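I opened this entry to record what I looked up, going from the chain as a whole to one pair of packed elements.

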Amino acid sequence: MNKLISFIMALMVCISINAQRSGDGSRTGGQQEDARKEFNPELYKKHMTEFVTREAKLTDAEAAKFFPLLNEMFVKQQELMKEKQELMMKGWKGNLKEAEYEQIVNQSNNIEVNIKKVEQTYYKKFRSVLSSWQKVYAVRQALNRFQMEALKQFHPRRGNQQQGNTQKPHGWGEKK
């Protein structure tokens, strides 16, 4: 799940950078629209839901109860990650005293612990709506595989270097 959290953080940074680029007027109208099509959060979420449902073999009833919990967990974790990012930005500005850097490091570590606590809490909730811990494990594995495929989608050269796994989620970054 650490990979999932890292992926979400990286994704947030990419979205933020893309939003800044498209808002600075450096691209022309058509190019801005193409840049926005490169990542569609709604489509990403849809593909993730389909992938996890299929790979973890969730029933319709399980999926209907599970995905709202997963989304709830992601929202809480994203809030904490945003808090951590804002905290880390203070250190990037420089000119801080040693005690201030220590405080940033300690607070950042505490936030990471809180992110894991949220995850622990939600995994117990996941078990309450899924039929077994084996299904919870299957969901976790499916989320990890989905992340890897998503990273390949945004870094095509990476995906081509690995042999064997040729199945790629489609549609998130496709330009029409």
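**Notebook: chain overview and one helix pair**

I began with contacts in this predicted model, counting those between residues at least 6 apart in sequence, and found that 67% of them join residues at least 24 apart.

I then looked up the secondary structure, which comes to seven helices and zero strands, so that I read the pattern along the sequence as α-α-α-α-α-α-α.

For burial and surface I noted two values: buried residues make up 34% of the 176 residues in the chain, and the chain exposes about 11,500 Å², of which carbon and sulfur atoms supply 52%.

Next I turned to a helix pair. Two packed helices are described by the angle between their axes and the distance between the axes. For helix H3 (residues 41-55) and helix H4 (residues 60-92) I noted an angle of about 130°, with the axes 12 Å apart. H3 and H4 are therefore oblique to each other, because an angle has to be over 145 degrees to count as roughly antiparallel, while 65 to 115 counts as roughly perpendicular. I also recorded that the crossing of H3 and H4 is right-handed.

Which residues make the contact? On the H3 side I listed Lys45, Met48, Thr49, Val52 and Thr53, and on the H4 side Ala63, Phe66, Phe67, Leu70, Asn71 and Phe74. Sorting the contact of H3 with H4 by class, I noted seven nonpolar, three polar and one charged residues.

Key:
Residues numbered from 1 in each chain as written. Predicted model: local features only at pLDDT ≥ 70, side-chain atom pairs only at ≥ 80, totals over all residues. Heavy atoms only, no water. Axes fitted to C-alpha atoms, helices over the stretch in contact; angles between N-to-C directions. Helix = DSSP H or I, 4+ residues; strand = E, 2+ residues; numbered from the N terminus. Parallel < 35°, antiparallel > 145°, perpendicular 65-115°, else oblique. Left-handed = near helix turned anticlockwise from the far one by under 90°. Contact = heavy atoms within 4.5 Å. Nonpolar A, V, L, I, M, F, W, Y, C, P; charged D, E, K, R; others polar. Buried < 20%, exposed > 50% of the residue type's maximum accessible area, 1.4 Å probe, protein only. Areas by Shrake-Rupley, 256 points an atom, 1.4 Å probe, with all protein chains shown as cover.
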